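Let's take a look at the empty space inside this protein, and then at how one of its helices sits against its neighbours.

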Amino acid sequence: MALTLYVDSARWRAHQKSVIDQFPGIVPVCKGNGYGFGHERLADEVSRSGSDILAVGTTYEAARIKDWFSGDLLVLTPFRRGEEPVPLPDRVIRSVSSVDGVHALVGARVVIECMSSMKRHGVKEEELGMLRSAIEDVRLEGFALHLPLDRTDGSDAVEEVIAWMDRLRAARLPLHTMFVSHLRAEEQARLQQQFPQTRFRARIGTRLWLGDHEATEYRGSVLDVTRVTKGDRFGYRQQKVASDGWLVVVAGGTSHGVGLEAPKALHGVMPRAKGVARAGLATVNRNLSPFVWAGKQRWFAEPPHMQVSILFVPSDSQEPHVGDELVAHLRHTTTQFDRLIER
């Protein structure tokens, strides 16, 4: 009995191919928990695709993945002086977001991040003059721009990249390769047409691995079902059951990532109203679980345990049975499954 990730492998790989075909020179990204699939599995998929490079989040991830992928590894987290040294092969490329970082990486392969409208990290326009001498001591693989997902101010992603290309050119810096994130295929094509001497390489993770939602599905096995009547006490805190129904123990708890939820950016009145409603219900211990039974997302009977969750299914619903599987709407990047089954 397990929390299982089912993968329609043919459909999943067909989606990967469609993304790869849209973005010539794509740099697949494998970071965190490997987008729910694990580092080893995604490294194998990237090798299967024939890519010469794989992007990872940290040097620690690079140290693990180097044994599963034989091509270049691009570390996305920028280098900082004083960071813990991690033994890595020469095929690892470091991201750098400061002139000081470039000076500290003599002889290394580097990608220099430019400060985009994300304002997260990157070399600023006024620092470009200092880069000319700094890059003489490194092996420059290119520059990079990490762009925002949403542009609520109406600005244009392509124009932002063009502006940086002009700045780099004015500073007499080499423009042979530009790594970009969060561009549409047609936007990258426009840039490639305007700057034919520069190779644009899109770093893509979520869209590549999770872009086809129908290719994957989490399911939790029902481990126990107990009939309860209104007023019965149950669980660690001995709460009372609000009405007749069943307590359903299903595989999938906090160790799997069940119950974890990342903050969301809400736009519009209705999403905000729903967020307020959910918060109000949570104050009276009413929390909606990710598990679906008989077409409805079911409530947690109590907070999820380490490896299981207890749900309440009312008596007017179909009775679950041990061995049934409940679809679970879980976030891939925060979920750890017990097993993966391809179909």
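Glu113, Cys114, Ser116, Met118, Arg120, His121 and His146 form the lining of the largest cavity. Keep in mind that this is a predicted model. By class, that lining splits into two nonpolar, three polar and two charged residues.

How many cavities of 30 Å³ or more turn up in the whole structure? The search finds two. Here they are side by side:

| Cavity | Volume | Nonpolar | Polar | Charged |
|---|---|---|---|---|
| Largest | about 50 Å³ | two residues | three residues | two residues |
| Second largest | about 30 Å³ | five residues | two residues | one residue |

Around the second largest cavity you'll find Gln16, Ile20, Pro28, Glu45, Val46, Ser49, Leu208 and Trp209. Helix H1 (9-22), helix H2 (39-49) and helix H8 (206-210) are the elements that each supply two or more residues to this lining. H2 chips in the most, with three residues.

Now for helix H7, which covers residues 185-194. Which of its residues are buried? They are Ala185, Glu187, Gln188 and Leu191. Looking down the H7 axis, these buried residues stay within an arc of 160°, so they line one face of the helix. As a reminder, an α-helix has 3.6 residues a turn, so residues three or four places apart point the same way.

And what do the buried residues of H7 pack against? Their partners are H1, helix H6 (157-170), strand E9 (199-204) and H8. H1 and H8 also came up above, among the elements lining the second largest cavity.

Technical notes:
Residues numbered from 1 in each chain as written. Predicted model: local features only at pLDDT ≥ 70, side-chain atom pairs only at ≥ 80, totals over all residues. Heavy atoms only, no water. 1 Å grid on protein atoms, 1.4 Å probe; cavity = no way out; pocket = protein on both sides within 12 Å on 5 of 7 lines; lining within 4 Å. Points joined across faces, edges and corners; volume = space filled by probe spheres on them. Nonpolar A, V, L, I, M, F, W, Y, C, P; charged D, E, K, R; others polar. Helix = DSSP H or I, 4+ residues; strand = E, 2+ residues; numbered from the N terminus. Buried < 20%, exposed > 50% of the residue type's maximum accessible area, 1.4 Å probe, protein only. Arc of directions from axis to C-beta. Contact = heavy atoms within 4.5 Å.
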